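Ready for some practice in reading a protein structure? Take a moment with the sequence and the model, then work through the exercises at your own pace.

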Amino acid sequence: MADVRISAEQLVRVVGEWRRPGTPLIAALAEAVRDAVLDGRLRTGGRLPAERRLAAALGVSRGTLTAALTTLRDGGWVHTRHGSASTVRLPPAAAARIAPLSATGEAGAMDLRQAVPAAPRAAYQAAMLRAAERADPVLAQAGEPGAGLPELRSLIARRHTDEGLPTRPEQILVTSGARAALALLVAHLRPRVAAVEIPTYFGALPLLRGAGARLTGCRVTGDGWDLDQLDDAFRAARGGLAYLVPDFQNPTGALMNPRTRRAVAESAARHEVTVVADETMRDLDLREGAESGAAPPRIRRALLIGSAAKTVWGGLRIGWIRGPAGLIGELCRDPLCPPLAAAPMQQLVAAELLGDPMPVLLRRRAELRRQRDHLAGLLAGDDRWSFTVPPGGLALWLRLAGARADAVAARARALGVEVSPGPGFAADRTLTRYLRLPYTPPPSALDRVAAVLDAAYGP
């Protein structure tokens, strides 16, 4: 790596307004530097200026600066060799993490309102380098992504085919994430009524409502789907759309069994409902032996949307739609398709990562399984709440016995942990006694989550 010097003026600009009321200067300054490294504003490997000059530029005493640097050094964010300048670096623990820093409590409050992983740093950086090395053909084009790079469309089609659903590349449309895929489908299909699960992925509800769709719901618990309510919801949505998450459902983690999948297909045909199946969680199968078992079956004739957000990283911004070639062609001609498309260079990186996803995926499954079991063990046997241990996904769906979720969430927030109450996942604003608790943080952070929940609920 080339020698990079960070001037005192540059560091002052990078950390910005780092002082925070109520936070000691040492902690606030160390946190500002950590955030700048994680955001890419402060380059790793860069050499810091002399302490006296940097303290003057920041407007703090040299003792305060020295203490902040010691905090950073102890955490692995700064490395100092005797007789040499200190250099900025990313600690190995931050590089290999599953949970983003915001969800671990290392930077202060724990924000668990989104169940998302951090990037697999080493694999991601290697994929970027490989993509850059062979980017010339892409860079020679106009940069308009269209339906997606042929290489990536072929790769995604092959994955569907390998799992028992024969798919041609022309049946795949690449988008800038699963939400972009759903937004494009909803805008194109313009459903008058949409059937949704209660609870469901919270990001889907504003998309459907924003398109003018009236929502009708079907109850889902950790034990599965209510078939009577499902058929009633499809009947109410006749001629419209149904948005379902059959694989490790968000937020319950439930896995739709073959009987329910057949019932969905039959009800959809009977009521002329277009099923959109969100497969974002499909690869997060935490069942023992999942690596050697067959993938769950798909819902017959459903439109499928997928994403690399949960298995790789949300910042990759790669999603896709799998459907009939005729519909994919129509979607490509929709005016919304270009603004919802993924950047070509991002697609090249995705092709590198998704071409051989198992090294990253196996590690993530193992760690998520361990963290799920750790959190479940901490919360088990307490009559203040109940839950079903999910076979996959990223979170526990907790039912509170005698307290409102919004009140518990407010008390948890005051104790430094942000969690999501159930009404945000419900089309009808019910589920007032439910909380979603992601198990993406490491066990030590989950210990804190359990302790805060215990205090926030009360005796």
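Below are exercises on a predicted model, each with a worked solution.

**Exercise 1. An aromatic pair**

Task: Classify the pair formed by the rings of Y124 and W313, and find where each residue sits in the chain.

Solution:
- Step 1. Begin with the geometry: the ring centres of Y124 and W313 are 5.3 Å apart, and the planes stand at 90°.
- Step 2. Ring planes over 60 degrees apart count as edge-to-face, so the pair of Y124 and W313 is edge-to-face.
- Step 3. Now locate the two residues. Y124 belongs to helix α6 (residues 121–133), while W313 is in the loop between β12 (303–307) and β13 (319–322).
- Step 4. The two are 189 residues apart, and the pair links distant parts of the chain.
- Step 5. Finally, check accessibility. Buried means under 20% relative accessible area, so Y124, at 7%, counts as buried. W313 has 32% and counts as partly exposed.

**Exercise 2. A second pair and a cluster**

Task: Work out which kind of aromatic pair F202 and F425 form, and which residues make up the aromatic cluster that includes them.

Solution:
- Step 1. The rings of F202 and F425 are 5.7 Å apart, centre to centre, with 75° between the planes, and the pair is edge-to-face.
- Step 2. Look at the locations: F202 lies in the loop between β7 (193–198) and α10 (204–210), and F425 lies in the loop between β17 (420–421) and β18 (434–438). Their positions are 223 residues apart in sequence, so the pair ties together those parts of the chain.
- Step 3. Compare the values for accessibility: F202, at 29%, counts as partly exposed, whereas F425, at 1%, counts as buried.
- Step 4. Widen the view to the cluster: Y201, F202, W397, F425 and Y434 form one aromatic cluster.
- Step 5. For the whole structure, the count is six aromatic pairs.

**Exercise 3. Two helix packings**

Task: Describe how α9 packs with α13, then do likewise for α1 and α3.

Solution:
- Step 1. Know what to look for: two packed helices are described by the angle between their axes and the distance between the axes.
- Step 2. Helix α9 (residues 178–189) and helix α13 (residues 325–333) pack at about 90°, and their axes are 11 Å apart. That angle makes α9 roughly perpendicular to α13.
- Step 3. Find the residues that touch: L184, L185 and H188 of α9 meet L327, E330 and L331 of α13. Sorted by type, the residues of this contact are four nonpolar, one polar and one charged.
- Step 4. Turn to helix α1 (residues 8–15) and helix α3 (residues 51–58), whose axes come within 9 Å and cross at roughly 45°. These two helices, α1 and α3, are therefore oblique to each other.
- Step 5. Add the handedness: α1 passes α3 in a right-handed crossing.
- Step 6. In this contact, A8, L11, V12 and V15 of α1 meet R53, L54, A57 and L58 of α3. Sorted by type, the residues of the contact of α1 with α3 are seven nonpolar, no polar and one charged.

**Exercise 4. Backbone exceptions**

Task: Which peptide bonds to P199 and P251 are formed, cis or trans, and what is the sign of phi at R301 and R317?

Solution:
- Step 1. Recall the background: most residues other than glycine have a negative phi, and most peptide bonds are trans.
- Step 2. The bond that joins I198 and P199 is cis, with omega about 5°. P199 is in the loop between β7 and α10.
- Step 3. The bond from N250 to P251 is also cis, with omega near 20°. P251 is in the loop between β10 (241–244) and α12 (258–271).
- Step 4. R301 has a positive phi, near 70°. R301 is in the loop between β11 (274–278) and β12, and at 77% relative accessible area R301 is exposed.
- Step 5. R317 has a positive phi of about 55°. This residue, R317, is in the loop between β12 and β13 and is partly exposed at 37%.

**Exercise 5. Sequence and space**

Task: How far apart are A126 and L378 in sequence and in space?

Solution:
- Step 1. In sequence, A126 and L378 are 252 residues apart.
- Step 2. In space, A126 and L378 are 37 Å apart, C-alpha to C-alpha.
- Step 3. To place A126, look in helix α6, where A126 is partly exposed at 30% relative accessible area.

Notes
Residues numbered from 1 in each chain as written. Predicted model: local features only at pLDDT ≥ 70, side-chain atom pairs only at ≥ 80, totals over all residues. Heavy atoms only, no water. Phe/Tyr/Trp six-rings, centres within 6.5 Å; stacked < 30°, edge-to-face > 60°. Helix = DSSP H or I, 4+ residues; strand = E, 2+ residues; numbered from the N terminus. Buried < 20%, exposed > 50% of the residue type's maximum accessible area, 1.4 Å probe, protein only. Axes fitted to C-alpha atoms, helices over the stretch in contact; angles between N-to-C directions. Parallel < 35°, antiparallel > 145°, perpendicular 65-115°, else oblique. Contact = heavy atoms within 4.5 Å. Nonpolar A, V, L, I, M, F, W, Y, C, P; charged D, E, K, R; others polar. Left-handed = near helix turned anticlockwise from the far one by under 90°.
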